[in-house]
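Reader: I'm new to this one. Could you show it to me and explain the labels as we go?

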Amino acid sequence: MEWRRRDYRVERPLLNQEQLEELGRWGPAPRARPWRASLQCSRARARALLLQRLPVAAWLPRYPLCEWLLGDLLSGLSVAIMQLPQGLAYALLAGLPPVFGLYSSFYPVFVYFLFGTSRHISVGTFAVMSVMVGSVTEALAPDENFLQNGNSTVNATEARDAERVALASSLSVLVGLFQVGLGLVHFGFVVTYLSEPLVRGYTTAAAVQVFVSQLKYVFGLKLSSFSGPLSLVYTLLEVGWKLPQSKVGSVVTAAVAGMVLVAVKLLNDKLKRCLPLPLPGELLTLIGATAISYGVGLEARFGVDVVGSIPTGRPRRLVPPVAPRPELFASLVGNAFAIAVVGFAIAISLGKIFALRHGYRVDSNQELVALGLSNLVGGIFQCFPVSCSMSRSLVQESAGGNTQVAGAVSSLFILIIILKLGELFKDLPKAVLAAIVIVNLKGMLLQARDVCALWRANRVDLLIWLVTFAATLLLNLDVGLAVAVGFSLLLVVVRTQRPRYSVLGQLPDTDVYRDVAEYAEAREVPGVKVFRSSATVYFANADLYSDALKQRCGVDVDHLISRKKKLLRKQELRLRRLQKEKPQQQAASTGTSIPIDVHTPDGAIKSQDADGPQAPQVSPEPGPAGAAGGQDDAQAWGSGSLQGLGLAPPAFHSLVLDLGALSFADTVCIKSLKNVFRDFRDVEVQVYLAGCQAPVVAQLEAGGFFDASISKQHLFASVHDAVLFALQHPRSGPASPVLVTKL
């Protein structure tokens, strides 16, 4: 086998012709090269696809153990300490037994470790996602459906929990399918329709709903399950009605736990420069409350609701995979899509913030796939939908986390809790979990201060924030999100319908043109009007564009065209009358009778004088007066100009439309521009287009914009070029037809 240099870079062994013949292969040796090249290309593509879809295979082999491992271990432990109480609390928020919050803190986190591209977000249970899941489970499996003789029994509670777990897991599978499907077809851009004011208003309203949903645990009340519009109002009314039935033990427990949590958070803020890691206030509160509840007997003596049994002890206690129930998909599809979009919006927004801060890139489509697989696999193991938590993500970053190894460490710690330590928390009061949830809502509730900032910055964004907040509170989370997105898109249309129109003037000694209303030094070019719109022209604002153009030009074009047409019609009637009267005047001047045509009975036509029969026809010879009158009339009619008709022409002879903001041209836009050309040409003004992009020109050409009267010579690369051409051709455009009227 001989060695040959291939493409001047590497040396590879190639079979010569004799060896090919010995092996019985067809064709000469060079034919083997394209096949080998395609094989190498396919291998490279397969490897690139694998690394794209499984990012852990790209960064884990290059993981610097000595530099990053300690930080990831400490960060993962810190996140797990927060994940434990939040998982238990957010499971109650979703209407599920607390242990399923631990499951949702394990399976999805480990799956995201394999497929995610963000290094710092903490995937797991999140308050907004949990309350959205809770609205679904309580609506489709309310407590009233499982009451026996108006009372709740142990068997009824177990049946209710089993039904809600089936609903939540099926919902998680459906959410995962939506996210994976959208990610594979590169629909990661769908989150761009959720603006920042919309997301912040939505999460603030969701935080209020979360707060209201925890009041039953704080006061120890048994409330009815409400769903649909105004469910928040009904819940508040019922809380106020049953407030005298509150359990003092639950209120005191929640208040003490809340004060401890707030105190620890304030202490962490003051000592964050001195402490290597923040104090685990939630874990300390969890352990202390459990110990006090077990020692004092809060459930037996004061009627405080506790978490109850958490199955542990053997590996088989991990729930086996369970297939979702497809019959539930029809009732869950709308909520699943809303949860999928909201969860991805929260995750990608946080991921991009951390990526920008630490100098790496987050693939939005792969993030969508990673979240989808996390929810899909989690749903098979009876988890509810998850996203990422802002508080845990900040802790993961501040504690020294560098990669998703921190997430894997936290999930393994949660696994130990599930298998060995979960039973220790059976006496944990639910009021403490409610206090943990409420205290963690501080950041989202403080987003209400956006109202003052948006009032000063942008009141349109403030309107989006307020509408989103109100719709989410009053119409529930799913319908509120749909209303918010629809209103936001409607505002975009309204704002493009009312763009800023301006007349441009030239800055002295430059080729720059600016709005004469904003720049005092900008001067309009004599005889040339330059008009610009700040938005693209399309079907929703084409008429408004034409109206604004005619208004800003200072000429009532429609009125001028109407007067011109009336005068032309009057002139035409007058000319016809003169032509009828001219033979009579010529006959009177020569003394001859005017012949008329008479129809005979046999159908023939005979010429007869008006005064007698068979008058001889004499061809009148035009006299000097008649000839002069005919010539004057022909000149008056043939001119057809505004000055010839006694109308004042516009003060400018050329109009330049700056279409630099035009991003596309639909059929309505094309028709509107053609009408502009026609109307201004009727008032003796030439129209030119400037700044059109190549795709827009192609669309104009495909839409039949160019014809005999409008050629591409009316297009210019810049406004200045169009102005220079207009000054050189003040009254006749390029290849413009001359107005000639014929009788």
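Author: Sure, starting with one label: a charge sits over a ring if NZ of Lys or CZ of Arg is within 6 Å of the ring centre and within 35 degrees of the ring normal. The model is predicted, so local features need pLDDT of at least 70 and side-chain atom pairs pLDDT 80 or more, while totals for chains, interfaces and linings use all residues. Residues are numbered from 1 along each chain as its sequence is written, and side-chain values use heavy atoms, with hydrogens and water left out.

Reader: What makes Lys-712 lie over the face of Phe-706?

Author: Lys-712 is 5.8 Å from the ring centre of Phe-706, and the limit is 6 Å, so the label fits. Arg-459 also lies over a ring face, that of Trp-455, at 3.7 Å from the ring centre.

Reader: Why is the contact of Tyr-63 and Trp-68 called edge-to-face?

Author: Rings of Phe, Tyr and Trp (its six-membered ring) pair if their centres lie within 6.5 Å; planes under 30 degrees apart are stacked, over 60 edge-to-face, and the rest tilted. The count by this rule is 20 aromatic pairs. For Tyr-63 and Trp-68 the centres are 6.1 Å apart and the planes meet at 75 degrees, so this is a pair, and an edge-to-face one. Ring pairs also link both of them with Trp-59, Phe-110 and Phe-113 into a cluster.

Reader: How do you know whether Tyr-63 is buried or exposed?

Author: Buried means under 20% relative accessible area, exposed over 50%, and partly exposed in between (1.4 Å probe, protein chains only). Tyr-63 has 12%, so Tyr-63 is buried. Trp-68, at 26%, counts as partly exposed.

Reader: What makes Phe-178 and Phe-337 an edge-to-face pair?

Author: Their ring centres are 5.5 Å apart, with 80 degrees between the planes, so both cut-offs are met. Phe-178 lies in helix α8 (residues 154–184) and Phe-337 in helix α15 (residues 329–358), so the pair ties together parts that are 159 residues apart in sequence. Helices here are DSSP runs (H or I, at least four residues), numbered from the N terminus. Phe-178 is partly exposed at 24%, and so is Phe-337 at 38%.

Reader: How do you know that there are cavities?

Author: On a 1 Å grid over the protein atoms alone, a cavity is a set of points where a 1.4 Å probe fits but cannot get out, and lining residues have an atom within 4 Å of a point. The search of the whole structure finds 6 cavities of 30 Å³ or more. The largest has a volume of about 400 Å³, a volume being the space filled by probe spheres set on the points. Its lining has 22 residues, with Glu-138, Gln-209, Ser-213, Phe-226 and Thr-235 nearest the centre. Helix α7 gives the most to this lining, with 4 residues.

Reader: What is the second largest cavity lined by?

Author: This cavity holds about 60 Å³ of space, and its lining includes Leu-198, Tyr-202, Val-342 and Leu-481. The elements giving two or more residues are α9 and α15, and α9 has the largest share, 4 residues.

Reader: Why is Ser-488 called buried?

Author: Its relative accessible area is 8%, so Ser-488 counts as buried. Ser-488 is found in helix α23 (residues 477–497). Leaving out residues up to four places away in sequence, Ser-488 touches Ser-195, Leu-198 and Ile-464 (contact means heavy atoms within 4.5 Å).

Key
On a 1 Å grid over the protein atoms alone, a cavity is a set of points where a 1.4 Å probe fits but cannot get out, and a pocket is an open set with protein on both sides within 12 Å along at least five of seven lines; lining residues have an atom within 4 Å of a point.
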